[in-house]
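This report walks through one protein model, part by part, with the sequence and the structure kept in view. Please keep both at hand and look up each residue as it is named.

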Amino acid sequence: ENGIAINLGPGMNLHRNILCGRHPEYFSEDPLLAGIMAGYHARGLEQAGTGSTYKHLFCNNSETSRKGSHSIVSERALRELYFRVFEIALSVQTPSCVMTSYNALNGIYPAESAEILQTLVRGEWGFEGLIMTDWCSYDTIDPVEIAKAGTGWLTEGGGRYVRILQKAAKTGEIPAEILQDNARQVLRLVLRFAKGMKK
């Protein structure tokens with residue numbers, strides 16, 4: 001009714017730290033419950049014509065110093081808890097988008113990690129929609145590395161970052177096929193929702 005194409009939610013990080021200021025928008029400490037609830041939340045949005053966004057990939061457990069925090073998590077905990085909630089939600093409803101987290105995870109920012117974005121999210125989970133950063137992640141993360149990992153949208157963008165990416169494209173630092181794949185993510189989403197948007 002309000003002409004909103006994409007909702008930047010549901011947020012589905014786990015209730016792991018009582019001090020996390022985003023708990024009111026997250027669902028539970030249990031990945032099964034949180035994943036099911038987030039999946040049906042997304043299904044309601046998608047069926048009503050509004051795109052959904054699963055966020056934040058991954059381990060966003062603190063609102064304080066989100067861009068500077070670093071989560072050190074074992075493979076088992078990632079698979080059984082932090083990845084699991086997203087995997088369960090995806091089994092209920094495929095969202096239009098996923099959003100990466102500000103925090104680093106085991107030494108690398110998820111938005112810069114082809115292993116996370118390509119091998120896990122696209123490969124294992126089969127996600128084909130738009131991958132975006134959290135707002136202004138490039139304050140702390142390299143926009144060239146974000147693009148190389150396959151992130152389609154560096155939110156919210158801006159001329160400075162366009163120039164950085166243009167330079168990297170001209171020098172071959174970012175292969176043309178990766179930029180084309182990233183652009184396709186955005187274009188597919190825009191074309192999908194353009195018809196239903198209010199003028």
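## Salt bridges and helix α2

Within helix α2, which covers residues 75-92, E80 and R76 stand four residues apart, and this places about one helical turn between them. The model is a predicted one, and in it the side chains of E80 and R76 meet in a salt bridge, with 3.0 Å from N to O. How exposed are the two partners? R76 is exposed, with a relative accessible area of 60%, whereas E80 is partly exposed at 45%.

A search of the whole structure finds nine salt bridges, and three of them, including the one just described, are set out in the table.

| Salt bridge | N to O distance |
|---|---|
| E25 and R22 | 2.4 Å |
| E80 and R76 | 3.0 Å |
| R79 and E124 | 2.9 Å |

The bridge between R79 and E124 also involves helix α2, and its side chains meet at 2.9 Å from N to O. Because R79 lies in α2 while E124 lies in helix α3 (residues 114-124), this pair ties together parts of the chain that are 45 residues apart in sequence. R79 counts as partly exposed, at 33% relative accessibility, and E124 is likewise partly exposed, with a relative accessible area of 46%.

Salt bridges that share partners also join R22, E25 and K55 into one network. Inside that network, E25 forms a salt bridge with R22, and the closest N and O atoms of the pair are 2.4 Å apart. R22 is buried, with a relative accessible area of 15%, while E25 counts as partly exposed at 31% relative accessibility.

## The course of α2

How does the span of α2 compare with what its 18 residues should give? At 1.5 Å a residue they should span 26 Å, and the end C-alpha atoms of the helix are 24 Å apart, which agrees. There is nevertheless a kink of about 60° in α2, centred on R84.

A number of residues in this helix are buried, among them A77, L78, Y82, F83, F86 and L90. The buried residues of α2 pack against α1 (31-47), β1 (53-57), β4 (104-105) and α3, and in this way α3 meets α2 through buried packing as well as through the salt bridge of R79 with E124.

## A cavity in the model

Rolling a probe the size of a water molecule over the atoms shows where empty space is left. The structure holds one cavity of 30 Å³ or more, and the largest cavity has a volume of about 30 Å³. Which residues line the largest cavity? The lining consists of L57, F86, L90, V98, V121, W125 and F127; of these residues, F86 and L90 are buried residues of α2.

## Backbone features in the loops

Most residues other than glycine have a negative phi, and most peptide bonds are trans. Against that background, a few places in the backbone of this model deserve a careful look.

The peptide bond from G9 to P10 is cis, with omega near 15°, and P10 is found in the segment before α1. A further cis peptide bond runs from L57 to F58, with omega near 0°, and F58 lies in the loop between β1 and β2 (70-71). L57 has already appeared in the lining of the largest cavity.

C59 belongs to the loop between β1 and β2 as well, and its phi is near 60°, a positive value in a residue other than glycine. C59 is buried, with a relative accessible area of 2%. C136 has a positive phi of about 60° too, although it is not a glycine, and this residue lies in the loop between β5 (130-132) and α4 (143-149).

## A buried glycine

G150 lies in the loop between α4 and α5 (159-171). Is G150 buried or exposed? With a relative accessible area of 5%, G150 is buried. Leaving aside its neighbours within four places in sequence, G150 is in contact with L117, Q118, R122, I131, N182 and Q185. One of these partners, Q185, is 35 residues away from G150 along the chain, and the C-alpha atoms of the two are separated by 9.5 Å.

Technical notes: Residues numbered from 1 in each chain as written. Predicted model: local features only at pLDDT ≥ 70, side-chain atom pairs only at ≥ 80, totals over all residues. Heavy atoms only, no water. Salt bridge = Lys/Arg side-chain N within 4 Å of Asp/Glu carboxyl O. Buried < 20%, exposed > 50% of the residue type's maximum accessible area, 1.4 Å probe, protein only. Helix = DSSP H or I, 4+ residues; strand = E, 2+ residues; numbered from the N terminus. Expected span 1.5 Å × (residues − 1). Bend = angle between axes of the 7 residues up to and from the residue. Contact = heavy atoms within 4.5 Å. 1 Å grid on protein atoms, 1.4 Å probe; cavity = no way out; pocket = protein on both sides within 12 Å on 5 of 7 lines; lining within 4 Å. Points joined across faces, edges and corners; volume = space filled by probe spheres on them.
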